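Reader: I work at the bench and would like to understand one part of this model properly before I look any further. Could you pick a helix packing contact, go through it closely, and then follow the chain outward from there?

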Amino acid sequence: MRGRHRATDLRSNGFVALAAGMILPLVAIGAVYSGYRAMSTSGCAGTVRLSIAASPEIAPVIKDVAARWVKTGPRVNDECVAVDVVSVASSEVAAAIAGESGATVPGVGQAEGKTQVPQVWIPDSSIWIQRMRAAREDLVTLASPSLARSPIVLAVPEPTAKQLGWVENKVTWKQVLEQIVGNSQIIPGIVDPNRDSVGVSTLVAMASVRDQFGPEGDSLTVGAVKSLMSGKNEQQSGLIGRFPRDADPKTLSTAVTLAPLSEQALHAYNAAGPAVPLIAVYPDPAPIALDFPYAAMPRLAPDREAAADAFRQQLTGSSFRNLLAQHQLRANDGTVGTGMTLSPSAPPGGQVTPVPDAQVISKALQMWTEITQPSRMLAVVDVSAAMKTPVPTAGGLTKGQVAVQAAQGGLDLFPDSWAVGLWCFSTAMPGGHDYQELVPIGPLTTQRDQLRGALGGLKPNPKGGSGLYDTILAAYQTVQQGWDPGRGNSVVVVTGGRNNDSNGLSLDGLVTALHKAEHQDQPVQIIVIGVGSEVNQAEMQRVVDATGGAVFIAPDPSKIGEIFMKALALDDGR
């Protein structure tokens, strides 16, 4: 864990950065920052120094305005004004402000010691203002007017956008989430929402429409969040580096094909002339745009407060709007200045989604944390004779083959932080049980290939019945014995028929045994995925009601892939 360090001198660091020419690209939004000093002290009684920390997207504009303004000789009480501007990621400034006051902003972590608390902070979004005030109300002022705007878009490589019909058509969040969850060709990515406003804005938008999808709302949203987690990056530069560098199918199949970005970042990417340009998809309803609030810090000395207010008045008007446009930013009302061209699908400038209160933002971040918690899962797959049945709608594949394909697709989406094991079940298995351990529960970092190979080797037992109930109880107890408080703990059962083991547990016996085994403070969730109409929904519902979980039935086994992903979306182990 990083210790908290005293902030270093902003002005000296800014001078060194300028002298060394360390002006970084806008996409490098990590801890490193660049600085600019504008000053004119001719004939002044003294100097009022104003330090400004600006988000990298807007920092060049602020530096330009500061340089022009200082040349006019602005004064406060007969003292000349000097302006120091640094370009620094909003998360780093947030950590520095909180650290100086002994506060903590959840998910941000501690300051690295390189960033000084400024007199004026221009983060990329008012979301930061809400998060800071939720940590402690006096960290920043609430009255922070917006200077500019950059809508949040979904960046999609042009070939993929054309294939989906998203180039110029209106796209809803339901369409987006269905593609993320159900389309294996969509590889999503996101910058860690705990440290990135674009990520937070995306989560808030997804959460706001969750209830509109009816019964599918939870599974779509949770599934999409898990998929985004699998493509998470700590910095925007890392995410952008994963977009396809070539339009050939092989490259597209491994590159990121959907990620939330600011409109400004997408324009900057395309301006570099990539082999595969990105299409800006504007989902409806629109996420909260980046709005670059001008936040003067509380408790400033009167002369610095006056200087901060005087400089803020320079950041308005048509000339400022045109300067923003040179850096692909809109004005604060959403309109654009001279030289900035919007895509045909871009919404009108006047449409602005208001920044929600801190409770809404916190709830969205909490959803991310809960859903992306590492899971510990035991997958149990039916290999009884029932899985030999051909599936006409799946090109003649058997139930077992369809189920294995779906399971392998799900395995590819699991992040390395998960721990997964694999059993198969049928009567007359080796060892005298109705089940057999193929891969013990263990980290995917070391056994992903082993799991993939074991799944590929599954074959139905032509004479085997279904010892479903004995298997469920044994799997539940196995997961319970190694229960991990830092993970979701669950059993996922894929079955093609009903229990027909006359020598094993009855349904009543299984339900009673599960009730006795259950520990309220150590929950283990059971998820049942039924392949085909032979699986009895009511019987399986009684089983999952005993422990918590869900039942998903695919009457048409060719749809098992979609059902499998919805089931995994609920695999939170809580």
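Author: Happy to! One term comes up straight away: a helix axis here is a line fitted to the C-alpha atoms over the stretch in contact, and an angle between two axes runs from 0 to 180 degrees between their N-to-C directions. Please also keep in mind that this is a predicted model.

Let's take helix 2 (residues 59-70) and helix 12 (residues 302-312), which pack with their axes 11 Å apart and at an angle of about 105°. Angles from 65 to 115 degrees count as roughly perpendicular, and the two helices are therefore described that way. On the helix 2 side, the residues involved are Ile62, Val65, Ala66 and Trp69, and they meet Ala307, Ala310 and Phe311 of helix 12. An α-helix has 3.6 residues a turn, so residues three or four places apart point the same way. What classes of residue make up the contact of helix 2 with helix 12? There are seven nonpolar residues, with no polar and no charged ones.

Now follow helix 12 back along the chain. The loop between strand 14 and helix 12 holds Arg299, whose phi is positive, about 60°, although it is not a glycine. Most residues other than glycine have a negative phi, and most peptide bonds are trans. Arg299 counts as exposed, because its relative accessibility is 65%. Further back, in the loop between strand 13 (283-284) and strand 14 (295-296), sits Pro285. A cis peptide bond joins Asp284 to Pro285, with omega about 5°.

Earlier still comes strand 12 (278-281), which belongs to an open, antiparallel sheet of three strands in the order 11-7-12. Strand 11 (259-262) and strand 12 are the edge strands; each has a single partner, so one side of each is left without a neighbour in the sheet. From one strand to the next, the twist averages 45°. Strand 7 (residues 152-157) pairs with strand 12 over four bridges in the antiparallel sense, and Pro157 stands opposite Leu278 of strand 12. Helix 11 (residues 263-271) packs on this sheet and touches strand 7, strand 11 and strand 12, its direction making about 95° with that of strand 11. Helix 7 (residues 197-209) lies across strand 7 and strand 11 and runs at about 120° to strand 11.

Going the other way, along the chain after helix 2, you reach Asp78, in the loop between strand 3 (75-76) and strand 4. Asp78 is another residue other than glycine with a positive phi, near 65°. Its relative accessibility is 46%, so Asp78 counts as partly exposed.

Strand 4 (residues 79-87) contains Cys80, and its partner Cys44 lies 36 residues away in the loop between strand 1 (34-38) and strand 2 (47-54), linking distant parts of the chain. Cys44 and Cys80 form a disulfide with their sulfur atoms 1.3 Å apart, and it is the one disulfide found in a search of the whole structure. Are these two cysteines buried or exposed? Both Cys44 and Cys80 are buried.

Next along is helix 3 (residues 90-100), where 10 of the 11 residues are buried, so this helix is largely enclosed by the rest of the structure. Among the buried residues are Val93, Ala94, Ile97 and also Glu92. They pack against strand 2, strand 5 (120-122) and helix 4 (126-135). Just after helix 3, Gly102 takes a positive phi of about 70°.

To set beside your first contact, here is another helix pair. Helix 8 (residues 216-230) and helix 14 (residues 358-371) pack at about 75° with their axes 10 Å apart, which makes helix 8 roughly perpendicular to helix 14. The residues in contact include Val222, Val225 and Lys226 of helix 8 and Trp368 of helix 14. By class, this contact has seven nonpolar, one polar and one charged residues. Leu228 of helix 8 is in the contact with helix 14, and Leu228 is also one of the residues that touch Pro188. Pro188 is found in the loop between helix 6 (173-182) and strand 9 (190-191), and it is buried, with a relative accessible area of 4%.

Terms used:
Residues are numbered from 1 along each chain as its sequence is written. This is a predicted model: local features need pLDDT of at least 70, side-chain atom pairs count only at pLDDT 80 or more; totals for chains, interfaces and linings use all residues. Side-chain values use heavy atoms; hydrogens and water are left out. Two strands pair if DSSP finds at least two bridges between them. Contact means heavy atoms within 4.5 Å. Angles under 35 degrees count as roughly parallel, over 145 as roughly antiparallel, 65 to 115 as roughly perpendicular and the rest as oblique. Ala, Val, Leu, Ile, Met, Phe, Trp, Tyr, Cys and Pro count as nonpolar, Asp, Glu, Lys and Arg as charged, and the others, Gly among them, as polar. A disulfide is a pair of cysteine sulfur atoms within 2.5 Å. Buried means under 20% relative accessible area, exposed over 50%, partly exposed in between (1.4 Å probe, protein chains only).
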